Amino acid sequence: MKRTLGTCYYPEHWPEEIWAQDAARMKEAGLTWVRIGEFSWSKIEPNPGELQWDWLDRAIETLGAQGLQVVLGTPTATPPRWMADRHPDMFAVDAQGQVRGFGSRRHYCFSHKGYFAESQRITRLMAERYGGNPYVAAWQTDNEYGCHDTTISYSDAAKVAFHDWLFETFDGDINALNAAWGNVFWSMEYRSFSEIGLPNLTVTEPNPAHVLAFKRFSSDQVVAFNRAQVDIIKACSTAPISHNYMGRITDFDHFKLGEDLEIATWDSYPLGFLEDRVGATPEEQRAYARQGDPDFQALHHDLYRAVGRGRWWVMEQQPGPVNWAPYNPAPLPGMVRLWTWEAFAHGAEAVCYFRWRQAPFAQEQMHAGLLRPDSEDAPAIEEARDVASELEDAPEVQSAQAQVAILFDYDADWAWSTQPHGAGLSYFQLILDHYKALRRAGLTIDILPAKARDFAGYRLILAPGMMHMPADLKASLEQSDAEVLYGPRSGARDDHFNIPTNPLPPALVGLDVTVSRVESLRPDMPVALRNGGAVHCYLEVLEGDAEVILVTAQGAPVAMRMGRQTYCGGWLDADGLDQLITIIGTAAGLALRKMPEGVRTRRTATEEFWFNHSAEPVQTEVGLLPPAGMIRCKL
Amino acid sequence: MKRTLGTCYYPEHWPEEIWAQDAARMKEAGLTWVRIGEFSWSKIEPNPGELQWDWLDRAIETLGAQGLQVVLGTPTATPPRWMADRHPDMFAVDAQGQVRGFGSRRHYCFSHKGYFAESQRITRLMAERYGGNPYVAAWQTDNEYGCHDTTISYSDAAKVAFHDWLFETFDGDINALNAAWGNVFWSMEYRSFSEIGLPNLTVTEPNPAHVLAFKRFSSDQVVAFNRAQVDIIKACSTAPISHNYMGRITDFDHFKLGEDLEIATWDSYPLGFLEDRVGATPEEQRAYARQGDPDFQALHHDLYRAVGRGRWWVMEQQPGPVNWAPYNPAPLPGMVRLWTWEAFAHGAEAVCYFRWRQAPFAQEQMHAGLLRPDSEDAPAIEEARDVASELEDAPEVQSAQAQVAILFDYDADWAWSTQPHGAGLSYFQLILDHYKALRRAGLTIDILPAKARDFAGYRLILAPGMMHMPADLKASLEQSDAEVLYGPRSGARDDHFNIPTNPLPPALVGLDVTVSRVESLRPDMPVALRNGGAVHCYLEVLEGDAEVILVTAQGAPVAMRMGRQTYCGGWLDADGLDQLITIIGTAAGLALRKMPEGVRTRRTATEEFWFNHSAEPVQTEVGLLPPAGMIRCKL
Amino acid sequence: MKRTLGTCYYPEHWPEEIWAQDAARMKEAGLTWVRIGEFSWSKIEPNPGELQWDWLDRAIETLGAQGLQVVLGTPTATPPRWMADRHPDMFAVDAQGQVRGFGSRRHYCFSHKGYFAESQRITRLMAERYGGNPYVAAWQTDNEYGCHDTTISYSDAAKVAFHDWLFETFDGDINALNAAWGNVFWSMEYRSFSEIGLPNLTVTEPNPAHVLAFKRFSSDQVVAFNRAQVDIIKACSTAPISHNYMGRITDFDHFKLGEDLEIATWDSYPLGFLEDRVGATPEEQRAYARQGDPDFQALHHDLYRAVGRGRWWVMEQQPGPVNWAPYNPAPLPGMVRLWTWEAFAHGAEAVCYFRWRQAPFAQEQMHAGLLRPDSEDAPAIEEARDVASELEDAPEVQSAQAQVAILFDYDADWAWSTQPHGAGLSYFQLILDHYKALRRAGLTIDILPAKARDFAGYRLILAPGMMHMPADLKASLEQSDAEVLYGPRSGARDDHFNIPTNPLPPALVGLDVTVSRVESLRPDMPVALRNGGAVHCYLEVLEGDAEVILVTAQGAPVAMRMGRQTYCGGWLDADGLDQLITIIGTAAGLALRKMPEGVRTRRTATEEFWFNHSAEPVQTEVGLLPPAGMIRCKL
């Protein structure tokens, strides 16, 4: 398919006189899409009920007239100041009980019924006005759900809604809840749903079942908030609806929310993410300071391709230094082009740069754009033009199913964060570690939702760390034709965060392994494996009749295999994971390679893309790759 | 005496059908004691006033019928959810003013009169019902007072009670309080007791006299809370009453509380404590990750032997990985046996393992037990069986007074934490450093309460860091036959946290030393001693006519001696302390030895026990000790 | 002029019987000044309206009778406890919304009208009583404004006052505010001033223009509070009025406040400051633990000389260990004398030691004085006597204008802290880095306020990091005869924190340089300069026709020069700054030297003082300097 470019634009930030010129320059740069509107509520409705659409009418007309296609955002991430007078308790409350008030963005609680209705009202007004506009070619709901830790709210509104959610979940039976949560422990039994508090500000840690339920509830509130907007837009418009997700935000189930949308988009800030979302060592942070982690973006591309059931974009692509990371370096020349092409190689339909022109005011005044604040070209626009021209000239990117899949389960991430057992252990990091190992072996990967049951076409499936595994998933994996990797902690809990006891975890079908004991370890005391590499941070004692394929230097089993299924009871370091992937990847009949440091590939239906993320030129089997360099090889 | 084993059991967690089988397996494993009931309030009184004793009746009957002796706990650490409706302000408040609410345990303020009465009510009901039960052989009040920082509460109830406490302390004379605290400083003078606030949320640090008084008050509230339960139980039962203390919790005066009890018990989690209660370096944490600190448990054994005036138990002994430390490794094979025997060597009457069966639900689902959650044997039960069998076969452990004593003063710990002067300095750590030095020299130690005045039989007494020393203590120490070591900071404050000025500290009897200046130092700039070792973190300038026995490399006096008394004005590192202990230990006529790394001894009336806490085999004068190994040598 | 010594005394802390003896000993030690009264409100007015002046009358009489001159402080930093009953909402509120209550000092909000009136009332009463007292030779308002982070308050009183301040600033036009702040961004537009909140507890960061305005407002509140006292005192007294500022407190504009005072004084605690106000590395902290940073005090001397328009004192000079730093070592022998003489060399009229006698009670009981708490001499008094005697015998210190100046702009510090862009970057540290480089080159420096426009007599002026530079300042600097250094970030923002776009910054007069892009860098990834040294943490991309005089190893311009003006677009490390100072200092015709480590000089009209801040003897061109040594060289 034809891949396209775009940008994010705020007509309300600029004099109307320059809109047309901006639009013309966008077109000249080869852009197709322009996203607008998502923070403009105070301009649309400066006073309650006083709607001012004319400026937005003209903005859309001006952009459309230049041949651009508009993505129109609902403005619900930034309710105006007057909303706080109408709904004084609309704000989220943090874990310390502090109200998270007006003055920036995302200042609302998903459970507040009054604001929920307001968000529907403005969405309806907007959808009714622009649902038939020929230039409005796509919609975006709200902006970056969950950003700034906004999924979870400890407000009174959340408490009441949580009661209702629990009532539904347990069919109104409080004893069922008490039994499921094990509330007999520490006399935590409730007599009615209304007695249940939110799991913050307790003396010591709350019941993990309580915490997990609250996380599931909070996720569902986001899904419901979004669905309400989608339903309204769909009634007025046939254009596809999207939402722009963020990087490493796992507080709500993107798969569940994504089911209501046609397109998944995400906001890719490779340098902004590096410092505190990637889990990189200081050495890695220095090495990739101007390129970003070689795998973090790719993982999200694959994840959001799954969330969008194949249809996905990068809605905001970092074009230069950002303003919000602890340190904000500029990208290496060529990286903006590399990031864009990498997204296309992973199947993105479109890549939009955030933002068109750097704003000289307010919170993001230090965030680079395609233009400088004085409207001169910033460095990124030249790279965008290059991509636009390459898109014209080069063959189209043809997507295809990969041979390798990783299951990604938001619920597992909540379970791990509820009970990491070892300080800092996280499901997302476990997935990223496995993803990196596959990429170091030169593999192309699909990510699948936890509710996937059809695994046709895959040779290797990784399902690490899924703490709750429904029985039919276990069965489907066992029945698939793929090699399957489980553990650590796979199947370690039932649906309400209890340890299954009959039998003990993981209780896999056709793989006789039992986790008889679990321990977590200081990061500085790894347990060496016999053939190199190590287990670090987390280690299980395994029993059973399956074949032992990985052992500690002392001979304790670490990974066991039976048929095409393998369970690994330790969190392996990079060398350990490489070893394990070699064993099971070979068994799966995959062609494994050892990628040079910083070089990554992705295979499409017709080509293999090679990307050099390192700051040095690298010699590869397909030729010399300069820093930020790319090669497309026909298969 | 005959030493015994036991376990902690929660019949309310398990189907009644398996109680008898559990009891039989306990008996088979050689256990004598079973503690129950301490978190079961919601099962006993599911609704206010609706008592359900039948299940507990049957549980006690079932356990007793198998020959087990029951320790019955009052359930006051976990008031049920409905209690919060009866007493909405019953919760403690933290230093930031946050209410510490329902949802875990220990959710009450010791000063709340309403909850105080409720705790008396449930205790009375329980004591009346089971006071004459033949199987109830001991009682436990509440559970782990002070755990989760629950001694101090900044609630309104605490403020009112603090006013009363101060009124009593100062005989109703507010001017006496103003004078004692030096409130003229910064115009902090009060006109009445009701004007006094709690010492939190001040602009900069509050008056240390104010802080210390609040700590003393808070300790007294715990003592009063416990005494109320004890008085009620005693009226109904002749069985001994105990409480299970924790490790390194010093917020209340255990000696004072212990005076109301027959038996002191404590909860010993060697691996759980290692990370953040021992003050170990990262290297030490790695070396002892699966064994625990070689001295930390021993110190508590000796401390609680003193608190129990000779009668003490380990009520909860770690049997495998716990759930609550930053990292939770499994013990080295043999350590559960070593820990148990070490407790006996220090005089424990009984050691009970926590818990019988690992719970598959709620907060402690990752806490190992003697059984796995599927009721199979966990590794520890085999070691418990070994100890039970050794107890049958081997000679009984005969306790005896040691030749060396350390004074332990909770008030001193509060004084140091009120005013560490150098970041991170703590009295408990100072005591532990001295204790370790004595143990490295192969000595057996008693711990004595600060109010001890009879020192007959001791050859060496250490009284470091007691910031307030009553005159009669100074006199008693001077008149004893022992070598005595004081300092740093001994006698540095009067009873209301003022520096004595006539004369300056330490003002000891018969030891002419004056501290003319005090300084604290960065931990990375130790002051070397002339003959090896160093002072670190804290150093005093000493004057006086006493003999200088330890000097800095520059010649400044660090320790001075006169008669049998020595004052040391610096916080010595390990080498420095070894040097000092050699000098005064030799003067005391003690036989000093240099223990190998990780090896420790304890002498009883008839034997010397040797324990190897290291992960390597160690050659000692009594033979080769394998990791976790033990040797009993007849004297 | 004749320089003098003094001390800080609290007659209310001591029995009246010893006042006369204290006064006699002060006189004997060579002291001239005694500051009293600044924390004595509860003694002056023990109950509301009940004034007790007699003790203060006698104290002043006693001190004056011995020939001492009294500095009388208004007691407004420590309102008594009863004030909280009269004005329950008088307290400041911290950024987390916590009330900062009674129990220490500085417990008031500058915006509270009720307390404002009380502070005027007590000032008027005091001024009326002592305005004509012959012994009261100077006044001090309040004590250490801004200490303990007390400038900024998030109280309701502050919010209301902020509304008024904004109304004034924007002439009542809310649209002007919206435009100036760029509130269209994220729909933050306000409809009236009363809608504006304080910039705390927002979901993500608030608008930087909002934050900066609140900082400016908060500074103005301090100025207004002080001015009200000054006006009252001036109506009753002709004695000069002072305030004692602190080290590295930049939350209010000391220049603006200082315009209302005759004398600036400050409280110099070289060892107390070292740990967390100097930005020193751990190595530097160890090397200077007993001497203090070699430049930090000097910078403040020069800063407060400017604030006092030539008239300045050290009001509180550290005489030994303090109580409030993380670690509190004693000064090296000789340092108290060195610190005193260094202050004189920088032009101090007087140096007063804090405090006369160490208090044995309350918060500062571990703070050394000239006397020990038992009234014996502490070490510092001997050094004070030495200075007194040297002052008698040696030539007077004659001040003179320096050849080098640094512009210091409090507003720039607020701008940097509002938006550091790179974690931890601060304007104050940038100024200190430049100051240190000048001192390493043996230069003598003046500090000038940001509003200086007359630069006659200066050969070199440094104006780094002034984020907002008014046009007339740019013009004045261009027209001066001096070499001028700008950048990084000079002129980067307009007056309301927007990036100027026509043209881009810095838009200097006669120096064609444009900052086309900005990045911040991890501290561990410096960018090497071609001739040694490096840029660290912050780097700009420069364009323009000016001559490139400093480049990165890769050839990118870092500093550019045209005429006598230089713009440096990077934060240089010490080697880089030395290089740059060499280039522009040589161009300015200055005689540059390389000072030995720890040695610093200051030139007066007639002499050059040399001070050795290191702990080792150092050979210099003027002779061997022992540790803490000083040499005065005639020019």
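A good place to enter this predicted model is a single pair of side chains: A:E543 and B:R372 form a salt bridge, with their closest N and O atoms 3.5 Å apart. Side chains of opposite charge can pair when their charged atoms come close. The cut-off used here is 4 Å between a side-chain nitrogen of Lys or Arg and a carboxyl oxygen of Asp or Glu, so a separation of 3.5 Å qualifies. One residue of this pair belongs to chain A and the other to chain B, and the interface of these two chains holds five salt bridges by that rule.

Let us stay at this interface a little longer. Which elements of chain B give two or more residues to the side that touches chain A? They are α2 (41–44) and α11 (282–287) of chain B. Sorted by class, that side of chain B has 26 nonpolar, 19 polar and 14 charged residues. Polar contacts also cross the interface of chain B and chain A, in 25 residue pairs, with both partners at pLDDT 80 or more.

Now for the extent of this contact. Chain B contributes 59 residues and chain A contributes 42 residues. The size of an interface is often given as the accessible area lost when the parts come together. For chain B and chain A, the buried area is about 4400 Å², with 55% of it on carbon and sulfur atoms. If you would like residues to pick out in the viewer, try B:Y327, B:Q363 and B:M366, which supply 16% of the area that chain B buries against chain A, more than any other three residues.

Next, turn to where chain A meets chain C. Here the contact takes 59 residues from chain A and 43 residues from chain C. Between them, chain A and chain C bury about 4400 Å², and carbon and sulfur atoms account for 55% of that. On the chain A side, A:Y327, A:Q363 and A:M366 supply 16% of the area buried against chain C, more than any other three residues.

Charged pairs cross this interface too: the count between chain A and chain C is five salt bridges. One is formed by C:R522 and A:E275, whose closest N and O atoms are 2.7 Å apart. There are also 24 residue pairs in polar contact across the interface of chain A and chain C, both residues being at pLDDT 80 or more. The elements giving two or more residues to the side of chain A that touches chain C are α2 (41–44) and α11 (282–287) of chain A. By class, that side has 26 nonpolar, 19 polar and 14 charged residues.

With the contacts between chains in view, we can look inside chain A. Chain A is divided into domain 1 (4–147 + 222–392), domain 2 (156–210), domain 3 (404–587) and domain 4 (602–634). An unreviewed UniProt entry lists residues 8–393 of chain A as "domain: Glycoside hydrolase family 42 N-terminal". That span is 39% helix and 9% strand, and its end C-alpha atoms lie 25 Å apart.

How do domain 1 and domain 3 of chain A fit together? Their centres, taken over C-alpha atoms, are separated by 35 Å. In the contact, 26 residues of domain 1 of chain A meet 18 residues of domain 3 of chain A. The area buried between these domains is about 1800 Å², and carbon and sulfur atoms give 57% of it. On the domain 1 side, A:T250, A:D295 and A:L299 lose the most area to domain 3 of chain A, together 33% of what that side buries.

A:D295 is worth a second look, as its side chain meets that of A:K436 in a salt bridge (3.2 Å, N to O). The interface of domain 1 and domain 3 of chain A has six salt bridges and 16 residue pairs in polar contact, both residues at pLDDT 80 or more. On the side of domain 1 that touches domain 3 of chain A, α9 (254–258) and α12 (296–307) of chain A each give two or more residues, and α12(A) gives the most, with ten residues. The residues on that side divide into twelve nonpolar, five polar and nine charged.

Finally, step back to the whole structure, which holds 144 salt bridges over all chains. Among them is the pair B:R600 and B:D295, with the closest N and O atoms 2.7 Å apart. B:R600 lies in strand β20 (residues 599–603) of chain B and B:D295 in the loop between α11 and α12 (296–307) of chain B, so this pair ties together parts that are 305 residues apart in sequence.

Key: Residues numbered from 1 in each chain as written. Chains lettered and ligands numbered in written order. Predicted model: local features only at pLDDT ≥ 70, side-chain atom pairs only at ≥ 80, totals over all residues. Heavy atoms only, no water. Contact = heavy atoms within 4.5 Å. Buried area = accessible area lost by both parts, 1.4 Å probe. Polar contact = N/O pair within 3.5 Å; in protein donor to acceptor, adjacent residues only side chain to side chain. Helix = DSSP H or I, 4+ residues; strand = E, 2+ residues; numbered from the N terminus. Nonpolar A, V, L, I, M, F, W, Y, C, P; charged D, E, K, R; others polar. Domains from an automatic or database assignment. UniProt positions renumbered as here; feature names shortened; annotations may be inferred.
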